[in-house]
Protein chains: 2
Amino acid sequence: MVGTSYPGGMNTPDDDWLRLDQQICFSLHAASRAFNGVYRGILRDLGLTYPQYLVMLVLWEHDELPVKKLGEHLRLDSGTLSPLLKRLEAAGLVRRERSARDERSVEVRLTGEGVALRRRALQVPRRIAASTGFDTDEIRTLRARLDELTTALDAAAFAEQPGDSPAGERS
Amino acid sequence: MVGTSYPGGMNTPDDDWLRLDQQICFSLHAASRAFNGVYRGILRDLGLTYPQYLVMLVLWEHDELPVKKLGEHLRLDSGTLSPLLKRLEAAGLVRRERSARDERSVEVRLTGEGVALRRRALQVPRRIAASTGFDTDEIRTLRARLDELTTALDAAAFAEQPGDSPAGERS
DNA sequence: CACAATTAAGTTGCGCGCAATTGAATGGTG
DNA sequence: CACCATTCAATTGCGCGCAACTTAATTGTG
């Protein structure tokens with residue numbers, strides 16, 4: 001519904017842009033939260049939150065790695081991971097121990113319980129896929145699109161941060 | 001590096017599903033946060049966070065409406081909106097006053113300052129669009145896809161909540 | 001060897017997002 | 001009219017996500 005009149009003025013092109021913009025950012029925001037909600041319901045059985053599930057996914061494939069590497073896989077920093085891992089440890093799913101080689105580093109390792117949880121998690125993807133109503137190809141296409149988007153956005157955010165030089169300085 | 005083979009066994013379909021699943025949920029998660037990051041940089045000038053910007057977008061179109069309606073537009077509840085609106089009010093952008101007609105309801109209204117901010121916000125969409133590197137059609141297509149997804153996910157979450165799966169679930 | 005610079009985790013503070021609860025106002029029913 | 005269910009906003013509690021800072025270990029440079 002773009003054509004609605006605006007109280008006290010006509011539509012300039014900028015007005016349309018502003019409305020269109022709402023559609024985009026809001027759609028992604030809403031989709032992300034909707035996804036989160038479905039995961040919440042399904043992961044409740046496993047006693048995991050959505051981000052915790054992401055961490056477990058990585059660990060189920062790597063089985064042992066330092067917090068730093070974990071953060072690179074998930075694009076999360078220690079400010080997010082430290083308390084999250086502490087909760088996973090309290091739940092008995094992982095153990096954290098400082099590396100003997102480099103005492104700055106902390107190795108995260110699955111416990112037997114953590115490994116065992118993988119079996120129960122195997123049913124999750126099917127239930128999620130069913131919830132989306134999308135088939136495998138559609139999901140793959142969407143994923144590729146989102147990855148493009150993320151790459152572009154990350155590059156833009158990086159370019160944005162340092163300086164606001166109007167004159168072209170580093171592209 | 002697990003590649004496609006899994007230590008000590010062949011790939012069951014479930015293994016692949018679990019891997020694929022990581023791709024999908026993670027992609028959306030990452031895209032959402034990447035978007036958030038770009039908005040953060042651009043909105044800093046306006047003194048708004050990303051969710052606050054979404055609220056302002058709605059108010060710029062409606063100019064006055066109760067918290068309930070605002071929440072329906074944004075799919076947010078009072079638990080999120082109340083403190084957010086309190087911050088917007090502290091920033092001088094909105095005012096909240098209980099409806100005389102129905103004293104349960106609180107009307108949110110833009111201040112002059114809030115209305116004025118709209119002019120400065122007009123440049124935001126262009127900068128965002130530039131950051132994505134997508135053209136208008138691509139964005140529209142993606143948005144439509146995401147909206148489909150959200151609708152399906154919401155329906156699934158709603159169906160999930162009330163009843164328990166008939167087949168035994170708790171280990 | 002001594003001493004800064006760098007790196008890794010952890011901590012603090014703030015703002016969502018959501019479930020659950022509270023409190024006040026309204027509406028419906030007998 | 002009295003009573004109860006519903007509705008709306010606000011509050012509480014918890015878990016991210018991120019910026020900024022702190023602490024400790026390692027690296028590098030003279």
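Begin by selecting DNA strand C and the protein surface near it, where near means that a residue has a heavy atom within 4 Å of the strand: α1 (13-43), α3 (67-74), α4 and β2 (94-98) of chain A, together with α2 (50-62) and α4 of chain B, each supply at least two residues of this surface. Helices (H or I, at least four residues) and strands (E, at least two) are DSSP runs, numbered from the N terminus. This is a predicted model, in which local features need pLDDT of at least 70 and side-chain atom pairs count only at pLDDT 80 or more, while totals for chains, interfaces and linings use all residues. Residues are numbered from 1 along each chain as its sequence is written, chains are lettered from A and ligands numbered from 1 in the order in which they are written, and side-chain values use heavy atoms, with hydrogens and water left out.

Next, show the residues around DNA strand C, of which there are 28, the closest being A:His29, A:Lys68, A:Ser78, A:Ser82 and B:Thr49. Sugar or phosphate holds 77% of the atoms of DNA strand C within 4 Å of the protein, and bases hold the rest.

Now look for polar contacts, which here are pairs of N or O atoms within 3.5 Å; within protein, one must be able to donate a hydrogen and the other to accept it, and residues adjacent in sequence count only if both atoms are side-chain atoms. On B:Thr49, a polar side-chain atom lies 2.8 Å from a phosphate oxygen of DNA strand C, and on A:Arg33 a side-chain N or O atom is 3.0 Å from a phosphate oxygen of that strand.

Then move to DNA strand D, which has 28 residues around it, with A:Thr49, B:His29, B:Lys68, B:Ser78 and B:Ser82 coming nearest. Of the atoms of DNA strand D within 4 Å of the protein, 80% belong to sugar and phosphate. Select B:Lys68, where a side-chain N or O atom is 2.7 Å from a phosphate oxygen of DNA strand D, and afterwards B:Arg104, where a polar side-chain atom lies 3.2 Å from a base oxygen of DNA strand D.

Finally, display chains A and B together: superposed by least squares on the C-alpha atoms of residues with pLDDT of at least 70 in both, chain B can be laid on chain A with an RMSD of 0.1 Å by a turn of 180° and a shift of 0.0 Å along the axis. That is the relation of a two-fold axis. To find this rotation axis, select B:Ser32, whose C-alpha, at 3.3 Å, comes closest to it among the residues of chain B.
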